[in-house]
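Please open the model in your viewer with the backbone drawn as a cartoon, and keep a selection tool at hand. The tour moves from sheets to helices and then to the contact between the chains.

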2 protein chains.
Amino acid sequence: MTQKYVIGIDLGGTFIKGGVVSKRGDIIFRAKKESAAKEGHFQPVANMFDVIEDLSQKMGKDPEAIGFGIPGAIFSEKGIVTKSPHFPHWIDFDLQASLKEKTNIPFVIDNDANAAALGEGWVGAGKGYKHFCCMTLGTGIGGGILLNGLVWRGMTGMAGEVGHIIVEPEGLPCPCGGRGCMERYSSATGIVDMARKKFNDGNDSKQLRELADDNPDKITSELLCDLAKKGDHLSKTIFKEMGKYLGIGFADLINILNLEMIIIGGGVLPAWEFFIEEAVSQMKLRTYKIPGESVQIVKARCGNDAGLLGAAYMGWQSR
Amino acid sequence: MTQKYVIGIDLGGTFIKGGVVSKRGDIIFRAKKESAAKEGHFQPVANMFDVIEDLSQKMGKDPEAIGFGIPGAIFSEKGIVTKSPHFPHWIDFDLQASLKEKTNIPFVIDNDANAAALGEGWVGAGKGYKHFCCMTLGTGIGGGILLNGLVWRGMTGMAGEVGHIIVEPEGLPCPCGGRGCMERYSSATGIVDMARKKFNDGNDSKQLRELADDNPDKITSELLCDLAKKGDHLSKTIFKEMGKYLGIGFADLINILNLEMIIIGGGVLPAWEFFIEEAVSQMKLRTYKIPGESVQIVKARCGNDAGLLGAAYMGWQSR
């Protein structure tokens with residue numbers, strides 16, 4: 001094949017997902033390998049290059065560029081991983097230097113949440129929009145903010161930490177060191193914690209107790225979503241509570257930035273119908289009329305490929 | 001005189017303040033007149049032009065440009081005043097058209113909080129910085145955000161409403177329609193309300209009761225600041241509480257935008273020593289280490305001239 005292409009790499013805590021991506025944003029080939037997150041500084045790098053090698057062989061030539069979406073606190077300008085919870089060896093790790101030892105192909109590194117926002121902006125829900133925030137509601141809450149079509153990184157590359165918007169000043173402690181961060185209420189983890197608390201307090205539903213085999217450890221956000229779909233009152237209450245806090249986070253974003261759009265993705269997305277009404281209603285209550293009514297709150301469209309696509313987009317942009 | 005100059009106009013609810021401003025940011029002449037805020041659509045415009053006329057006569061020639069800093073919700077691109085609390089007749093008012101009827105001199109209109117941020121960035125505390133928020137703690141809390149040295153206005157020109165960052169989700173009702181906005185706790189009004197509540201609850205200090213002549217309506221933020229300087233415990237507690245909420249707002253700004261600097265101005269500034277420690281400590285507690293320690297929290301330096309200087313800066317930039 002003579003087609004020009006780039007490779008997008010989405011590094012997760014468990015798997016590396018790679019893809020050959022065309023200039024239009026089509027994923028032509030895919031490859032996957034374990035992240036080897038705990039196996040030292042260099043094993044994850046080696047495994048990413050196995051994925052790149054695999055994809056390059058399928059294409060019969062080298063890519064034009066490679067984009068890397070990396071979880072954690074990334075100083076993207078210098079390619080330094082300050083800290084990345086799933087990769088305990090990566091503390092102030094010079095990923096850029098490590099990658100340069102492996103390849104002469106041009107590459108770009110950014111935070112995975114920024115990559116996801118770029119992916120949604122390129123071929124997803126944010127296509128045609130310039131000022132938006134893409135929030136990924138998963139184990140935590142990731143955020144990428146685009147202003148004038150460019151990722152807003154801030155002074156030290158750590159902007160977009162929307163999961164740590166404070167929604168309850170004396171609320172639940174957060175691993176970040178603070179309290180009452182949105183992530184503690186509106187992520188999958190937050191929802192499950194709310195349910196476990198109700199379970200332990202004896203406020204649970206019969207359905208929940210049965211499905212979880214009487215064991216609060218078996219509660220997941222998927223299980224709560226399934227129950228809500230079956231009409232379970234307790235699960236619905238939990239998603240409404242989650243939506244309230246999400247709406248407070250939306251309001252802060254709108255009051256500060258007056259965005260065009262907020263895009264919601266991540267594992268909690270299937271429960272959209274149970275939280276979005278309360279979230280939008282709280283947001284409108286807590287913002288001025290024009291900015292509150294102008295902003296569009298929409299579902300992400302790229303699913304699990306947002307990060308890979310955004311990484312590839314960074315690769316295309318770097319050329 | 002043959003010197004080139006611009007005129008900056010800072011429109012307040014009570015007074016119009018105007019100044020002849022040099023290219024370096026020196027205020028060469030000043031003029032002042034009543035705003036006539038309640039006297040119809042056009043009287044405030046006429047009075048602003050009296051100030052401009054007065055200054056132009058002093059200079060013996062027309063200015064190169066005029067910058068207007070206008071309170072309220074301003075759609076600066078089109079020069080429309082959507083709403084301005086002190087100017088009840090100005091609802092969706094086409095200020096640009098009104099000004100064009102009066103003059104052929106080029107002019108620029110922006111929100112007064114954005115103007116203040118530009119003034120501080122030009123010749124004040126923000127000089128040399130690109131990404132900062134300037135907060136004015138007065139009757140309410142005004143905010144102007146500069147990113148890459150430019151005012152961030154957002155989709156509908158209403159970004160920077162930092163007074164409505166939510167710091168207490170079920171807190172005090174706010175005129176914006178929401179609850180628990182930072183403005184309800186960390187503005188002069190918020191501080192006075194806290195003191196009145198303590199007064200009415202019987203938690204007041206003997207000193208406060210004496211100074212206020214036993215009348216809670218006589219409590220002002222200046223009075224509370226004076227008392228705190230004399231060591232009054234209750235007043236100090238109030239400023240600490242105010243600082244806590246201010247710090248939560250700081251944290252939200254840093255988590256979202258990873259700014260270089262937050263500049264604090266306004267009528268509450270004399271009480272700086274009584275609230276800043278708590279505010280910075282709350283901010284650090286609720287942000288990641290690098291962005292929380294990188295941001296500088298500083299006092300505004302332009303005092304009451306920030307808006308006038310920023311308006312003049314807009315004038316110079318428009319040429």
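Begin by selecting residues 6-11 and 15-21 of chain A, which are the strands β1 and β2; in this predicted model the two pair in the antiparallel sense over six bridges. To look at one of these bridges, pick A:Leu11 and then its partner in β2(A), which is A:Ile16.

Now widen the selection to the whole sheet to which these strands belong. It is an open sheet of five strands in chain A, in the order β3-β2-β1-β4-β8, and its pairing is mixed. At its edges you will find β3 (27-34) and β8 (107-111) of chain A, each of which pairs on one side only. If you look along the sheet from one strand to the next, the twist averages 15°.

Which helix lies across β1, β4 and β8 of chain A? Select residues 112-123 of chain A, and helix α3 appears over these strands, with β4 found at 66-70, while the helix runs at about 105° to β8(A).

Turn next to chain B and to another open sheet, in which five strands follow the order β11-β10-β9-β12-β13, again with mixed pairing. Its edges are β11 (150-151) and β13 (296-299) of chain B, and because each has a single partner strand, one side of each is left without a neighbour in the sheet. To inspect one of these edges, select residues 261-265 of chain B, strand β12, together with β13(B): the two pair in the parallel sense over four bridges. Within this pair, B:Met261 stands opposite B:Gln296 of β13(B).

Keep this sheet in view and add residues 112-123 of chain B, helix α3. This helix lies across β9 (132-137), β10 (141-147), β11 and β12 of chain B, and runs at about 55° to β10(B).

Return to chain A for a pair of helices, selecting α5 (residues 188-200) and α8 (residues 233-257). Their axes are 10 Å apart and the helices pack at an angle of about 135°, so α5(A) and α8(A) are oblique to each other. The crossing in which α5(A) passes α8(A) is right-handed. Showing side chains here brings up A:Gly190, A:Ile191, A:Met194, A:Ala195 and A:Lys198 on α5(A), which meet A:Leu234, A:Ile238, A:Glu241 and A:Met242 on α8(A). Coloured by class, the residues of this contact divide into six nonpolar, one polar and two charged.

Finally, display both chains and select the contact between them, to which chain B gives 36 residues and chain A 36 residues. On the side of chain B that touches chain A, α8 (233-257) and α10 (289-294) of chain B each supply at least two residues, and the largest share, seven residues, comes from α8(B). By class, this side of chain B has 21 nonpolar, ten polar and five charged residues.

How are the two chains related? A rotation of 180°, with 0.0 Å of shift along its axis, superposes chain B on chain A with an RMSD of 0.0 Å, and that is the relation of a two-fold axis. To place the axis in your view, select B:Glu168, whose C-alpha is the nearest to it in chain B, at 3.2 Å. The same surface serves both copies, since 100% of the contact residues of chain B recur in chain A.

Technical notes:
Residues are numbered from 1 along each chain as its sequence is written. Chains are lettered from A and ligands numbered from 1 in the order in which they are written. This is a predicted model: local features need pLDDT of at least 70, side-chain atom pairs count only at pLDDT 80 or more; totals for chains, interfaces and linings use all residues. Two strands pair if DSSP finds at least two bridges between them. Two residues are in contact if their C-beta atoms, placed from the backbone, lie within 7 Å. Axes are lines fitted to C-alpha atoms, for helices over the stretch in contact, and angles run from 0 to 180 degrees between N-to-C directions. Angles under 35 degrees count as roughly parallel, over 145 as roughly antiparallel, 65 to 115 as roughly perpendicular and the rest as oblique. A crossing is left-handed if the near helix is turned anticlockwise from the far one by less than a right angle, and right-handed if clockwise. Ala, Val, Leu, Ile, Met, Phe, Trp, Tyr, Cys and Pro count as nonpolar, Asp, Glu, Lys and Arg as charged, and the others, Gly among them, as polar. Copies are superposed by least squares on the C-alpha atoms of residues with pLDDT of at least 70 in both.
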